[in-house]
Amino acid sequence: MTEKEKGPVLQFAPFQSAVDEGFWHRLSSLKLNKFGIDDSPIPITGFYAPCTNSRVSNHLSLIAESLPPEPSEQSSGTTSLGNRNRCSVPGILFNTNTLEGFHALDKQCLLKAEAKKIWDDIHSGKAEEDSAVLSRFLLISFADLKKWSFHYWFAFPALVLDPPATLVDLRPASQWLSLKEAESLSAACNEWRSSSVTADVPFFLVSIASNSHATIKHLKEWRSCRQDGDKFLFGFYDPCHLPTNPSWPLRNFLALICSRWNLEKVCFFCYRENRGFADLSLSLIGEALISISQGFPENRNNISSGWKDPQQVPNAVGWEFNRGKKVSRCISLAQSMDPIRLAISAADLNLKLMRWRALPSLNLNILSATKCLLLGTGTLGCQVARMLMAWGIRKITLLNSGKVAMSNPLRQSLYTFEDCLNGGDFKATAAEAEGVVMGISMPGHPVPSQEERSVLEDCRRLQVLIDSHDAIFLLTDTRESRWLPALLCANSNKTAITAALGFDSFLVMRHGAGPISTVNDFQADDMINLSSEMGNISLGDGGREQRLGCYFCNDVVAPAMTCRLAREMSFRLIYAKAEFANSTDSGSTEQPLGILPHQVRGSLSQFSQMTLVGRSSSSCTACCTNVVSEYRRRGKEFFLQAINHPTHLEDLTGLTELMKSASSFELDWDNEVDDDDCIEI
């Protein structure tokens, strides 16, 4: 013991970590798309390799592949076994939901738990079968996905030898071995490293026979090596470049040697490389002395206790230092991220937080995949567009023919003062979204013959736009300008939302399905069924199906709406429609976003709001069977006649006859008073 007490304590160069940006990007994606607010530990994999430069140490690195695959990725079923530059090491990640939770983690308890895993692997023999478990590591983190900053802290648990190992000698391997032994060992190491089976096995045994022939074997072959009577070196991949210290992995290797094999004198081999081949002038060989009665001073004379007891876990150290201090690190990726991607990520995070905490069954993919067409980009259109974007809808097309006026930016948030200058920019393009500058023709507003071609072309373009979008918002200023979109939506069986705003009243309504469906168009039937399921509306009426009405099915006086209600109704309709199409249970009516009303009408002067159901009218000028059939049959000719002749639609739908009969209808009033009905006061 005197010699050991005089010898210097064996000191180890600590492990150093390096995290690739790809790791944080994948962690962010997994957090958003898979983990949510689940803060359960996540198994990860670190990678390191032997030192390859006399001036720079290698790090334990985390890359995108260190994390589990994302849900959208399909497993290829292949692994990266045999990569000489990426020796895999198992690790565990604790990612918290808040910065406070990150700081509140019991770091000593977490370190002790990982050290116990290493201790159990040593005593169970697993470490001899898979030596990489000796280098287990721990990572705690907090990902701030709004600012794209990441707080993190590594720990490389190491079992503490008590008393510590003492160093007898440490020299370059080329000085320790004879020339013949060095040549044989170099050849054996190069063969070990070039094999796909052993290239990433970080701990091994070196046996040097009396004839100077060196062989490398797995740790599990220790018993047979011992019987051979050869000289042994306990080798490991050393990521450190220092000529005076072995690196951190040797600590747990010595713990295994002490507890499993009861060796007091250990010769270790710190394997290092140069340009992909063994470099024995850079590699080290050392000799250390270990007390096998580790653990408890009162039992050091009893080898059966202390480190021989699997239940007694030794103390552990290993939290990584940051600039000489035991503190966490923080990295910000905001500068390297595209600002547009940052904005999209922040918006998506708000939605997913809402889903995680309040609506777990909400499928945000249905909303993000929806294509919306906004007809009108005034006060209503601007607010609806903003709310659609806030709900994760990325495909929005704006249609308007007007320009930005000086009074617009006060009420219309998509425009700025610069958009008003020089006569004003077109509203559809000034909003920096996909815009279409086009007017909508109105019935009863005749057009000159020379403009008929352009008007018909606009009608065709509008039909194409409606067919290529999933939800159509009618947000124009006048009632007449909603007629053509309402007709085209009824013809194509498209989801249509009308929003109208009066001085002190508002209206939000969804249009019913079109009256005619083709053989290949199942959307109308789905919408009819959906209206029944979502709104609890009975469609049976004397054996005939009755649809929900559109904006023109009832006489609307001072129609109005709020943008929030329009957005909510559209989301519920779109979501319910997608869920209904994918559902096999036609009797289910429960939806994450609540009920699906047909109309919401409100009065600000009376602080009142009503949800109403309006049936389709057989005399509707926009969606009745006569009008849609006539449009399909005559096309352009019908359209021109409707806008050039104010009474054409009334004549076609029978409203003219209905108004005449109403005018000629007389009521007979009974003016006689019965004395018995009078009460004297």
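This briefing covers the cavities, pockets, surface, backbone and salt bridges of one structure. The model is predicted. A search of the whole structure finds four cavities of 30 Å³ or more. The largest pocket holds about 540 Å³ of space. The salt bridge count comes to 17.

**Cavities**

- The largest cavity holds about 50 Å³ of space.
- Strand 6 (149-159) and helix 9 (249-261) are the elements that give two or more residues to its lining.
- The lining residues of the largest cavity are Phe15, Leu134, Ser135, Arg136, Phe156, Pro157, Trp248, Pro249 and Asn252.
- By class, six of these lining residues are nonpolar, two are polar and one is charged.
- Arg136 is the charged one, because Arg counts as charged in this scheme.
- Ser135 and Asn252 are the polar pair, because neither Ser nor Asn is among the nonpolar or charged types.

**The largest pocket**

- The largest pocket has about 540 Å³ of space.
- It is lined by 29 residues, and Gly376, Leu475, Thr476, Asp477 and Thr478 are the closest to its centre.
- Three elements give two or more residues to this lining: helix 12 (379-390), strand 18 (395-400) and strand 21 (495-501).
- Helix 12 provides the largest share of the lining, with three residues.
- The lining of the largest pocket has 13 polar, 11 nonpolar and five charged residues.

**A nonpolar surface patch**

- Met406, Phe417 and Leu421 make a nonpolar surface patch of about 310 Å².
- Leu421 sits in the loop between helix 13 (408-411) and helix 14 (427-430).
- The relative accessible area of Leu421 is 34%, so this residue counts as partly exposed.
- Leu421 can belong to a patch because its 34% passes the cut-off of over 30% relative accessible area.

**Backbone features**

- The peptide bond from Asp162 to Pro163 is cis, and its omega is near 5 degrees.
- Pro163 is found in the loop between strand 6 and strand 7 (166-172).
- Trp148 has a positive phi, near 55 degrees, and is a residue other than glycine.
- The loop between strand 5 (137-144) and strand 6 contains Trp148.
- Trp148 has 5% relative accessibility, so it counts as buried.
- Asn493 also is not a glycine, yet its phi is positive at about 55 degrees.
- Asn493 belongs to the loop between helix 16 (483-492) and strand 21.
- Relative accessibility is 1% for Asn493, so this residue counts as buried.

**Salt bridges**

- Side chains of opposite charge can pair when their charged atoms come close.
- In this model, the count comes to 17 salt bridges.
- Lys117 and Glu114 form one of them, at 3.0 Å from N to O.
- Both Lys117 and Glu114 lie in helix 4 (residues 107-124), three residues apart, which is about one turn of the helix.
- Lys117 is partly exposed, at 32% relative accessible area, whereas Glu114 is buried, at 4% relative accessibility.
- Glu320 and Arg329 meet through their side chains in a salt bridge of 3.4 Å, N to O.
- Glu320 is buried, with a relative accessible area of 7%, and Arg329 is partly exposed, with 24%.
- Asp458 and Arg461 meet in a salt bridge of 3.9 Å, N to O.
- This pair counts because 3.9 Å is within the 4 Å cut-off.
- Asp458 and Arg461 are three residues apart in helix 15 (residues 452-467), so about one helical turn separates them.
- Asp458 is partly exposed at 24% relative accessibility, and Arg461 is partly exposed at 30%.
- A network of salt bridges links Glu630, Arg633, Arg634 and Glu637.

How values were computed:
Residues numbered from 1 in each chain as written. Predicted model: local features only at pLDDT ≥ 70, side-chain atom pairs only at ≥ 80, totals over all residues. Heavy atoms only, no water. 1 Å grid on protein atoms, 1.4 Å probe; cavity = no way out; pocket = protein on both sides within 12 Å on 5 of 7 lines; lining within 4 Å. Points joined across faces, edges and corners; volume = space filled by probe spheres on them. Helix = DSSP H or I, 4+ residues; strand = E, 2+ residues; numbered from the N terminus. Patch = residues over 30% accessible without salt bridge, like charges linked within 9 Å, V, L, I, M, F, W, Y side chains within 5 Å. Areas by Shrake-Rupley, 256 points an atom, 1.4 Å probe, with all protein chains shown as cover. Buried < 20%, exposed > 50% of the residue type's maximum accessible area, 1.4 Å probe, protein only.
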